[in-house]
Structures are given as C-alpha cells and as structure tokens.
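Visitor: Please take a close look at one part of this model for me, and then show how that part fits into its surroundings. I would like the local detail to be laid out with its numbers.

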Amino acid sequence: MKLNFKQKGRTQPDPYVFEDNGKFYMYVTAYDGVEAYSADDLFGEWNFEGIVCSVDGRKDYWAPCIIKYERVEQMV
C-alpha cells in the first residue's frame with residue numbers, strides 16, 4: 001500500500017494508524033522523536049502534524065504505539 005504525503009523528503013517507518021471520529025491519524029518512527037500525520041481519507045493526502053513526542057538528549061525513536069483514552073467527567 002502506498003500513501004500520499006504532502007510533506008516531501010520524510011520517511012514514515014513503523015507506521016501506527018488509527019481512525020477516530022472519521023479522521024485518520026498515523027504515528028511514525030523518526031530520528032528526533034515520534035512524528036504525527038493526519039488525513040480525512042485513508043488513501044487521501046496525509047498532512048505532517050509535527051513531532052509529538054521527544055525527550056531531551058534522546059535520539060532514534062522506534063515503533064510508536066498509541067492508545068486512545070476516553071476521559072469521563074465526574075458527575076456531581
């Protein structure tokens with residue numbers, strides 16, 4: 001499967017893709033941190049959202065995995 005990326009010159013190794021409320025999100029391995037992409041259609045154009053996770057002094061991030069956590073408001 002080949003995806004269409006707006007941002008040229010970047011690679012997307014170890015992709016972790018999920019859908020939430022009709023939008024697709026992908027997190028990938030990068031040298032400086034975990035990068036994020038988003039798309040309205042799985043086979044549409046993907047937008048680079050930036051580095052979403054990094055730690056000072058650390059390099060070579062590998063194989064991100066994302067878990068959606070539903071926040072429940074406390075009832076009074």
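Guide: A residue counts as buried under 20% relative accessible area, as exposed over 50%, and as partly exposed in between. With a relative accessibility of 47%, Val-52 therefore belongs to the partly exposed residues, and this residue is a convenient place to start, with the reminder that the model is predicted. Val-52 is part of strand 5, and once its neighbours within four places in sequence are left aside, its contacts are with Tyr-27, Val-34 and Ala-36. The contact with Tyr-27 spans 25 residues in sequence, while the two C-alpha atoms are 8.7 Å apart in space.

Tyr-27 leads on to the aromatic residues. In contrast to the partly exposed Val-52, Tyr-27 is buried, at 16% relative accessibility, because that value is under the 20% limit. There are three aromatic pairs by the rule applied here. One of them joins Phe-18 and Tyr-27, whose ring centres are 6.1 Å apart and whose planes differ by 5 degrees, an arrangement that counts as stacked. The distance of the centres and the angle of the planes are the two quantities by which a pair of aromatic rings is described. For Phe-18 and Tyr-27, the 6.1 Å between centres lies within the 6.5 Å limit for a pair, and the 5 degrees between planes is under the 30 degrees required for stacking, which is why the label applies. The two partners fall into separate accessibility classes, since Phe-18 has a relative accessible area of 22% and is partly exposed, whereas Tyr-27 is buried. Ring pairs also bring in Tyr-25, so that Phe-18, Tyr-25 and Tyr-27 are linked into a cluster.

Tyr-25 is also among the contacts of Ser-38, a residue of strand 4. Ser-38 is buried, at a relative accessible area of 3%, and its side chain makes a polar contact of 2.5 Å with the side chain of Glu-49. Beyond four places in sequence, Ser-38 touches Lys-23, Phe-24, Tyr-25, Glu-45, Trp-46, Asn-47 and Glu-49. Ala-39, counted in the same way, touches Lys-23, Phe-24, Glu-45 and Trp-46.

Three of the residues just named, Phe-24, Ala-39 and Trp-46, recur in the largest nonpolar core, which has seven residues and also includes Phe-5, Met-26, Val-28 and Tyr-37. Strand 3, residues 23–28, and strand 4, residues 34–39, each supply at least two residues of this core, and strand 3 gives the most, with three.

Strands 3 and 4 also frame a loop in which Asp-32 lies. There is one salt bridge by the rule applied here, and it is formed by the side chains of Asp-32 and Lys-59, with 3.2 Å from N to O. Because Lys-59 lies in the segment after strand 5, residues 45–53, the pair ties together parts that are 27 residues apart in sequence. Both partners are partly exposed, with relative accessible areas of 39% for Asp-32 and 46% for Lys-59.

Also in the segment after strand 5 is Asp-60, which is partly exposed at 47% and has a positive phi of about 60 degrees although it is not a glycine. Ala-63, in that segment too, likewise has a positive phi, of about 40 degrees, without being a glycine. These angles are worth noting because most residues other than glycine have a negative phi.

As for the protein as a whole, it has five strands and zero helices, and its elements run β-β-β-β-β from the N terminus on. Of its 76 residues, 29% count as buried. The area exposed is about 6,100 Å², of which carbon and sulfur atoms supply 51%. Among contacts with a separation of 6 or more, 39% come from residues 24 or more positions apart; Val-52 and Tyr-27, at 25 residues apart, have such a separation.

Methods: Residues numbered from 1 in each chain as written. Predicted model: local features only at pLDDT ≥ 70, side-chain atom pairs only at ≥ 80, totals over all residues. Heavy atoms only, no water. Phe/Tyr/Trp six-rings, centres within 6.5 Å; stacked < 30°, edge-to-face > 60°. Buried < 20%, exposed > 50% of the residue type's maximum accessible area, 1.4 Å probe, protein only. Core = buried A, V, L, I, M, F, W, Y, C linked by side-chain atoms within 4.5 Å. Helix = DSSP H or I, 4+ residues; strand = E, 2+ residues; numbered from the N terminus. Contact = heavy atoms within 4.5 Å. Salt bridge = Lys/Arg side-chain N within 4 Å of Asp/Glu carboxyl O. Polar contact = N/O pair within 3.5 Å; in protein donor to acceptor, adjacent residues only side chain to side chain. Areas by Shrake-Rupley, 256 points an atom, 1.4 Å probe, with all protein chains shown as cover.
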